[in-house]
Amino acid sequence: MPYPETLRENPKIIFFTDFDGTITLRDSNDFLTDTVGFGEKLRKQGNADTLNGKVTFRDSFWEMMESVKTPFPECIRLLCDNIKLDPYFDEFYRWSRQNKVPVIVLSSGMTPIIRSLLVHLIGPEANDIEIVSNDVVDKPGKTKDQEDGWQLKFHDDSGFGHDKSLTIRPYAQHFAKRPSEPRPTLLYAGDGVSDLSAARETDLLFAKKGHDLVTYCEREGIPFTVFEDWRSILATTKDIFEGRKSLRKVAEEGVDKAKEDKEKVETAK
């Protein structure tokens, strides 16, 4: 359910999450680019250029997807055969449904791919997950089931193509105007450069260990905690939901864990 319908049942937590590489073990867009697009080397260079501010995510991602000429239905088949779910996300999602915690996927990928993968990997109940993402349209004079027949339709005009902050921000603004209302805790999980626009918008950010988002949060001083899989996200979310840990405590532990991980890497060199 989109805002403000999400608030009807007064959730204690609203959980926003990236999709590719966060809910899934591998990024579906990276997979397409590496296997039927212009390849891993050019993709990684685009990611580095985006992280360092040389190009926008929008331009980098457009080039990635334009390099994929495979008919769109074949792309979905390839992804359903090769992309796997984080082994603990299904447990997290079932807990969230039982406890009326809305899960909202904010993705710089494409809605038809995300919906197909979620239903394929979780089952029909995944149709209840709200997805805010880019879309796919036919190229002029062609159709999506033809070679080089489809292209991205970005969600908005931002340099991200999809500025995830635009979906999160109305919730914070809603409660800023209504200070007497109980305010849900806003959480977000992500892993990479497409999550930079969302990084400052929630109460706590889960950043995937060893990925670009951790680097960005450390550099910018954004409160975060590191995760390796959804088992730790579920445990931490339960702690917050049940009042066993404060957001501040979780963030402090997250900073300490990130420093510890970095020291281990440096020692191993």
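Tutor: A residue counts as buried when its relative accessible area is under 20%. This structure is a predicted model. From strand β1, I13, F15 and T17 point one way and I14 and F16 the other way, and all are buried.

Student: What makes β1 largely enclosed by the rest of the structure?

Tutor: The count decides it. In β1, 5 of the 5 residues are buried, so the strand is largely enclosed by the rest of the structure. Both faces of the strand take part, since buried residues point one way (I13, F15 and T17) and the other way (I14 and F16).

Student: How do you know that β1 and β5 pair, and in which sense do they run?

Tutor: Pairing requires at least two bridges between the strands. β1 and β5 (residues 185-190) are joined by 5 bridges and run parallel. One place to look is I14, which stands opposite L186 in β5.

Student: How many bridges pair β1 with β2, and in which sense?

Tutor: There are 3 bridges between β1 and β2 (residues 103-110), and the sense is parallel. With the requirement set at two bridges or more, these strands count as paired. Here F16 has I104 in β2 as its bridge partner.

Student: What joins β6 to β7?

Tutor: The link between β6 (residues 204-208) and β7 consists of 4 bridges, and the strands run parallel. In that pair, L205 is matched with F224 of β7. As for the side chains of β7 (residues 224-227), F224 and V226 point one way, T225 and F227 point the other way, and all are buried.

Student: Why is T236 called buried?

Tutor: The relative accessible area of T236 is 18%. The limit is 20%, so T236 falls under it and is buried. T236 belongs to helix α9 (residues 230-241). Not counting residues up to four places away in sequence, T236 touches F206 and V250.

Student: Why is L32 called buried?

Tutor: L32 has a relative accessible area of 0%. Set against the 20% limit, that value makes L32 buried. L32 sits in helix α1 (residues 28-36).

Student: Which residues is L32 in contact with, leaving aside its neighbours within four places in sequence?

Tutor: They are G37, V68, C75, L79 and I113. Contact here is a matter of heavy atoms within 4.5 Å. The C-alpha atoms of L32 and V68 are 6.9 Å apart, while the two residues are 36 residues apart in sequence.

Student: T24 lies in a loop. Why does T24 count as buried?

Tutor: The criterion is accessible area under 20%, and T24 has 0% relative accessibility, so T24 counts as buried. The loop in question runs between β1 (13-17) and α1. Leaving aside neighbours within four places in sequence, the contacts of T24 are F19, I83, K84, L85, D86 and K208. T24 and P87 are 63 residues apart in sequence, and their C-alpha atoms are 8.8 Å apart in space.

Student: How many helices and strands does the protein have?

Tutor: The protein has 10 helices and 7 strands.

Student: What makes the protein as compact as a globular protein of that length?

Tutor: The comparison is with the globule rule. For 269 residues the rule gives 18 Å, and the radius of gyration of the protein is 19 Å, which is close, so the protein is as compact as a globular protein of that length. Along the principal axes, the C-alpha atoms fill a box of roughly 55 × 50 × 35 Å. As buried residues go, 52% of the 269 residues qualify.

Student: What share of the contacts with a separation of 6 or more comes from residues 24 or more positions apart?

Tutor: Such residues account for 67% of those contacts.

Student: How far apart are the mean positions of the positive and negative charges?

Tutor: They are 2 Å apart, taken over 39 positive and 47 negative charges. On the surface, carbon and sulfur atoms hold 49% of about 12900 Å² of accessible area.

Student: Which backbone angles are worth listing?

Tutor: The peptide bond from Y3 to P4 is cis, its omega being near 5°. P4 lies in the segment before β1. K100, a residue other than glycine, has a positive phi near 55°, and its place is the loop between α5 (89-98) and β2. D148 is not a glycine either, and its phi is positive at about 55°. D148 is found in the loop between β3 (130-138) and β4 (150-153).

Note on methods: Residues numbered from 1 in each chain as written. Predicted model: local features only at pLDDT ≥ 70, side-chain atom pairs only at ≥ 80, totals over all residues. Heavy atoms only, no water. Helix = DSSP H or I, 4+ residues; strand = E, 2+ residues; numbered from the N terminus. Buried < 20%, exposed > 50% of the residue type's maximum accessible area, 1.4 Å probe, protein only. Rg over C-alpha atoms; globule rule 2.2 N^0.38 Å. Areas by Shrake-Rupley, 256 points an atom, 1.4 Å probe, with all protein chains shown as cover. Lys, Arg positive; Asp, Glu negative; His and termini not counted. Charge placed at Lys NZ, Arg CZ, Asp CG, Glu CD.
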